[in-house]
Amino acid sequence: MSDTLTLSAETRDRVGKGASRALRREGRVPAVIYGNNQEPTSIHLDERALYKALHTGHFMNSVVMIEGLGGKAIRTLPKDVSLDVVTERPVHVDFLRISEHATVTVSVPVVFADEDASPGLTKGGVLNIVRHELEVVCDAAEIPSEITVSVKGLDLGESLHISAVTLPKGVTSAIEDRDFTIATIAAPAALVSEQAEAAEAEAAGETEEAPAAEGDAAEGEAKDGE
């Protein structure tokens, strides 16, 4: 299960670009908490604390408890983090207010296992990852930190689809209208090159045989004429 993170915040008295720039100069990051049929709450966070949370590797699929707003901590789920295009510093965060056991949709990282048991990989094939994350629906208190996907038995040219993945209990795929691909086993470059050369050689052989056949036919016609 994904860890619960905690961040301290203060309410924002003023909103707008000017007020946000002033906060950033002070090492604070503007943010907003919305949802759960309540009015949005404008807040600001300590940039260093937020930066540390962002680099846990699971910020976007973790419950974040927002404290310091004068009362009980607010349970939230990060929905969007805006970064400066030059410095990549966080400039704004959106948090969705949720109840303890709310049903939420989150993106969870995929971890691949049993690579030694994949015939395609043992032959030198390459694991081509189509989806590094899976969008799933689950209880907010039971968000998985990662989803392990086995590639056991996959051979060259074969694909792994969501239908072959065993999701944790209580977790379902957010995409239900198609059996989408998660990864494929691609042939190694050397094998592809060998196959291409073989195909070219075969095509060249067929081309060389054609004139000989035409010559034999012409010789037969000449004998018939005699």
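A contact here means heavy atoms within 4.5 Å. Among contacts in the protein chain between residues at least 6 apart in sequence, 66% join residues at least 24 apart. The structure is a predicted model, in which local features need pLDDT of at least 70 and side-chain atom pairs count only at pLDDT 80 or more, while totals for chains, interfaces and linings use all residues. Residues are numbered from 1 along each chain as its sequence is written, and side-chain values use heavy atoms, with hydrogens and water left out.

The protein chain holds four helices and 13 strands, taken as DSSP runs (helices H or I, at least four residues; strands E, at least two) and numbered from the N terminus. Of its 226 residues, 32% are buried, where buried means under 20% relative accessible area, exposed over 50%, and partly exposed in between (1.4 Å probe, protein chains only). The chain exposes about 13700 Å², of which carbon and sulfur atoms supply 48%; these areas come from the Shrake-Rupley method with a 1.4 Å probe.

Helix α1 is a good place to begin a tour. Within this helix (residues 17-25), Ala-19, Ser-20, Ala-22 and Leu-23 are buried. Seen down the axis of α1, the buried residues fall within an arc of 160°, so they line one face of the helix; the arc is that of the directions from the helix axis to the C-beta atoms. These buried residues pack against β2 (28-35) and β3 (38-46). The face turned away from the buried side carries the exposed residues Lys-17 and Arg-25. Just after α1, Gly-27 takes a positive phi of about 80°.

Strands of a sheet pair through backbone hydrogen bonds, either parallel or antiparallel. Two strands count as paired if DSSP finds at least two bridges between them. An open sheet of three strands follows the order β8-β13-β11, with antiparallel pairing. Strands β8 (126-129) and β11 (159-161) stand at its edges, each with a single partner strand, so one side of each is left without a neighbour in the sheet. Four bridges join β8 to β13 (residues 181-186), and Ile-129 stands opposite Ala-183 in β13.

Another open sheet, of four strands, has the order β10-β7-β9-β12 and mixed pairing. Here β10 (147-150) and β12 (172-173) are the edge strands, each with a single partner, so one side of each lacks a neighbour in the sheet. Strands β7 (residues 103-113) and β9 (residues 133-139) pair in the antiparallel sense over seven bridges. The bridge partner of Thr-103 in β9 is Asp-139.
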